[in-house]
Amino acid sequence: MDELILFVIAAFTFGYIGIPLFRKQKATTMFDGSDIDLTDLESRKENILEIIKDIEFDYKMGKLSAKDYQEMNQKYRTEATLLIQSIEEMKDSQKPDRLEEEILRFRKSLTQKSCPQCGNPVLPADRYCAHCGAGIDNSGGKE
Ligand SMILES: [Zn+2]
């Protein structure tokens, strides 16, 4: 009789822990995908933080051994750290001032003049080509 009860408890415990673990694993192994955007990363980070919370809860409830808890905790924390880093990097590259810089650089490359004589690039303020010395007309250069 006792054995049956133990078996039921074991099956229940195993099933209870096993299913969420499977779900969690599936959620995090998708991280290697190439088409990742910021919202994707944010939701994955939320997901992993949720898992870390779950693991802590399970551990406190005695459903996880200390060893399992530490292993999993470590694993998900590393993953969360990586995700947070990626998010920061992605956010950083989307900063408006970076964008402005890019636009400015692009505009500069458009307005950059070249010497009518030799074709070498010259600064907009230059009156003579530094390469061949030809005179450059700056009167019509401004918009
Ligand atoms: Zn020149």
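The exercises below work through a predicted model of one chain.

**Exercise 1. Describe the order of the helices and strands, and say how many of each there are.**

Solution. Start with the count: the chain holds four helices and two strands. Then read from the N terminus, where the order of elements is α-α-α-α-β-β.

**Exercise 2. Find where confidence is lowest and where it is highest in the chain.**

Solution. Begin with the whole chain: the mean pLDDT is 78, and 71% of the residues score at least 70. Next, go to the elements. Helix 1 (residues 2-29) has the lowest confidence, with a mean of 58, while helix 2 has the highest, at 93. Finally, look at residues 24-34, where the pLDDT is below 50. Beyond near neighbours in sequence, that stretch makes five contacts in the model.

**Exercise 3. Check the lengths of helix 2 and helix 3 against the expected rise of 1.5 Å a residue.**

Solution. Take helix 2. It has 23 residues, so at 1.5 Å a residue it should span 33 Å. The C-alpha atoms at its ends are 33 Å apart, in agreement. Now take helix 3. Its 28 residues should span 40 Å, and the end C-alpha atoms are 40 Å apart, which also agrees. One further detail belongs to the end of helix 2: just after this helix, Gly62 has a positive phi of about 80°.

**Exercise 4. List the residues of the largest nonpolar core and say which elements give two or more of them.**

Solution. The core consists of eight residues: Leu41, Ile48, Ile51, Ile55, Leu64, Met72, Tyr76 and Leu83. Two elements each supply two or more of these, namely helix 2 (38-60) and helix 3 (66-93). Helix 2 gives the most, with four residues. Such grouping has a general background: in soluble globular proteins, nonpolar side chains tend to be buried together.

To see how the two helices meet, compare their buried residues. Those of helix 2 are Leu41, Arg44, Ile48, Ile51 and Ile55. In helix 3, Met72, Tyr76 and Leu83 are buried, and the buried residues of this helix pack against helix 2. Ile55 shows the contacts in detail: leaving out residues up to four places away in sequence, Ile55 touches Leu64, Tyr69, Met72, Asn73 and Tyr76.

**Exercise 5. Decide whether Met72, Lys75 and Leu123 are buried, partly exposed or exposed.**

Solution. The cut-offs are 20 or more C-beta neighbours within 10 Å for buried and 12 or fewer for exposed, with partly exposed in between.

- Met72 is in helix 3. It has 20 C-beta neighbours inside 10 Å, so Met72 is buried. The C-alpha atoms of Met72 and Ile51 are 9.5 Å apart, although 21 residues separate the two along the chain.
- Lys75 is also part of helix 3. It has 15 such neighbours and therefore counts as partly exposed. From Lys75 to Ile52 the C-alpha distance is 9.5 Å, across 23 residues of sequence.
- Leu123 sits in the segment after strand 2 (121-122). With 10 other C-beta atoms within 10 Å, Leu123 is exposed. Leu123 and Gln112 lie 11 residues apart in sequence, with 6.7 Å between their C-alpha atoms.

**Exercise 6. State what share of the chain is buried, and what share of its contacts joins residues at least 24 apart.**

Solution. Of the 143 residues in the chain, 8% are buried. For the contacts, consider those between residues at least 6 apart in sequence: 38% of these join residues at least 24 apart.

Methods:
Residues numbered from 1 in each chain as written. Core = buried A, V, L, I, M, F, W, Y, C linked by C-beta atoms within 7 Å. Contact = placed C-beta atoms within 7 Å. Expected span 1.5 Å × (residues − 1). pLDDT = per-residue confidence, 0-100.
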